[in-house]
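Trainee: Before I use this structure in my own work, I would like a close look at one single part. Please choose one that can be followed element by element, and then set it in its surroundings.

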Amino acid sequence: MKPFTLPMPARYGINTALLIIFLIVGNAVTQSGMLGRAQNSLIIQIGFFIILAVSLNLMTGYLGQLPLGHAGFMAVGGYAGALFWRAQILPDGASIVVGLLLAGVTAAFVGFLIGIPALRLRGDYLAIITLGFGEIIRVVLNNIDWLTYGARGLQSIPRHSSFTVVYICVIFTCAAIHMLMKSRHGRAILSIRDNEIAAESCGVNTTYYKVMAFAVSAFFAGIAGALYAGNQGILVPANFDFMTSINILMIVVLGGLGSMMGSVIAASILTFLPFVLQPLNEYRMIIYSLLLIIVMIFKPSGLMGNYDFSLSRIIEKVVRRIQKAKGASADETR
Amino acid sequence: MRPGDPRAPFIPDRDYDKSPVMQCVGLGIDFGGLTAVDDFNISVGPTEICGLIGPNGAGKTTVFNLLTKVYQPSRGTILINGKDTARLNTIAANKLGLARTFQNIRLFQNMTVLENVLVGLHNEMNYGLTKAIFRLPGYWRAEKIAKERARELLSIFDMEDTANYKAGSLPYGSQRRLEIVRALATNPVILLLDEPAAGMNPAETEELMENIQKINKTFQIAILLIEHDMKLVMGICEGIAALNYGRVIAKGTPAEIQSNPKVIEAYLGTGGGKPDA
């Protein structure tokens, strides 16, 4: 008997149905007023940290490079989106979509420009040069007063980051990166991580794929930046410093390099933890750090390692087991 | 070119009326003051199996790296199917039809066996980023064809059953075979094998010999191999070039190479009580 497999349309069907149910439930909860403003904001924050982590995972987990300037791309996208939203050229619905796309494209363009020289380096050198570029972006934003209002901050940004918008962006990011990784482009990216020389000898254009991964990663970081702006209502360049990049990297490493599910879980935990630990005041950061250290000692490959969750695979496994049990009992009766 | 021409040492009779698939003329490379390879001339017929032998450090792998453009040659020309490869990089050389395996296995360890072969088929598929992300029909079509082709290639070495295993978890011999399959997937005109039998036991080597001949016959491609296992080299190569200190010291059929005094000297040193200088 052939092992049971779910056909492709059924897989998509199940996943889409679950996602829509979650959207409706989430929307109902956030709109009902059950949660306070702080809780609502926390959910939005988890959302854009997931986007940031998943997009950085494309660079660190899948491509195997270590850039440290993710907050820079987030800043570029944030300011691009916020400035567009403030101008209020389009009606609200269209404005959200165009603003997010504009944020992504601007960040991707900056990522492309930085990626061409930066990706000639690797390892520690790439980390340092991207860190430098990230800081340059922040300093530039601080000094073009006429556009960004510098250190005073860009204020009265329309609060477009509702649960629905953030949720759809999260799903779009995860789906797009998942689809990318399961195509010939994704395999090329993985092959560069595993063995660059062998990848070249297979005809994979390594420079092209490194820059492309960098730009795609920056695109989603830009979208996350815009969502951040739409949640806070105010943008200050100081929010996009080096520590923000490190925080995002921490999420990726804690979740497991190369595991999208890991990034999602770690982003949720690490955003949620400081919030629930608030009553502990100054002990909060100690507990937070201790938890990180404990995870790294007992699970150095991250929470999920490089395992990736697939609902269809689990369903298949369960059905196969049931079929087996049935087959066994049928044998007995015979 | 005729028999006896020094640049065409061992094109077999069946290939004489065809132009050679690869030609090197006066190939050489210097690393600083060290001349690693010099005056390397070779012509390989379209369906020929030939070997490159020589003691350790003779420059065999350097020749492979020159051919695949990992190093740019200091002088000389490489022609693939009559096309000059000057100023091309590894990727362009691969697209011209050069595929290789490595002395120390270079697989994509964390990817499955099937995915390894699919990376080899990378340039055979040509759907873009949008088709991939939105899963348009072009994506499905190309992926289906590529996966079928990959399984077909794996079946040459009876490896279809291991398609979903991690490449790094395969036993050593299978890893070597997978590397050959991956190279074949790029649709080469000439296959360069760098010590394919290294670390194999006699039975595995025997099987490898059969497989190399099978590849040569079914794909009708040329094969150039570096090998220390003389049984393999003498058994399947139609022509052999022996290299020492970066220079070709002898070319010819296996029988000629075996009796060539220069080759014997390179491997065993000078006999007759002459002191080593």
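Mentor: Two strands count as paired if DSSP finds at least two bridges between them, where strands (E, at least two residues) and helices (H or I, at least four) are DSSP runs numbered from the N terminus. This is a predicted model, in which local features need pLDDT (the predictor's confidence in each residue, from 0 to 100) of at least 70, side-chain atom pairs count only at pLDDT 80 or more, and totals for chains, interfaces and linings use all residues. Residues are numbered from 1 along each chain as its sequence is written, while chains are lettered from A and ligands numbered from 1 in the order in which they are written.

The part I would choose is the open sheet of chain B, whose four strands follow the order β2-β1-β4-β5 with antiparallel pairing. Its edges are β2 (34-44) and β5 (83-84) of chain B, each of which pairs on one side only. Inside the sheet, β1(B) and β4(B) run antiparallel and are joined by five bridges, and B:V25 has B:T77 of β4(B) as its bridge partner. On the way to the β5 edge, β4 (residues 75-80) of chain B is held to β5(B) by two bridges, again in the antiparallel sense; here B:L79 faces B:D84, and B:I80 faces B:K83. The two strands β4(B) and β5(B) make a hairpin with two residues between them, and in that turn B:N81 has a positive phi of about 50°.

Across this sheet lies helix α1 (residues 60-67) of chain B, which covers β1 (22-31), β2 and β4 of chain B and runs at about 70° to β2(B); that angle is between N-to-C directions, from 0 to 180 degrees, with axes fitted to C-alpha atoms, for helices over the stretch in contact. Contact here means that the C-beta atoms of two residues, placed from the backbone, lie within 7 Å.

As for how far to trust the surroundings, chain B averages a pLDDT of 87, with 91% of its residues at 70 or above. Among its elements, confidence is highest in helix α3 (residues 113-120) of chain B, at a mean of 94, and lowest in helix α10 (residues 261-268) of chain B, at 84. Residues 1-9 of chain B stay under 50 in pLDDT, and the model has nine contacts for them beyond four places in sequence. The model as a whole scores ipTM 0.87 and pTM 0.88.

Moving outwards to the partner chain, the contact between the two takes 26 residues from chain B and 21 residues from chain A. On the side of chain B that touches chain A, α2 (90-96), α3 and α4 (129-133) of chain B each supply at least two residues. That side divides into 11 nonpolar, nine polar and six charged residues, with Ala, Val, Leu, Ile, Met, Phe, Trp, Tyr, Cys and Pro taken as nonpolar, Asp, Glu, Lys and Arg as charged, and the others, Gly among them, as polar. B:R106, in the loop between β6 (98-100) and α3 of chain B, is in contact with A:N195, A:I197 and A:A198 once its neighbours within four places in sequence are left aside. Chain A itself has 14 helices and zero strands, and its C-alpha atoms fill a box of roughly 85 × 55 × 45 Å along the principal axes.
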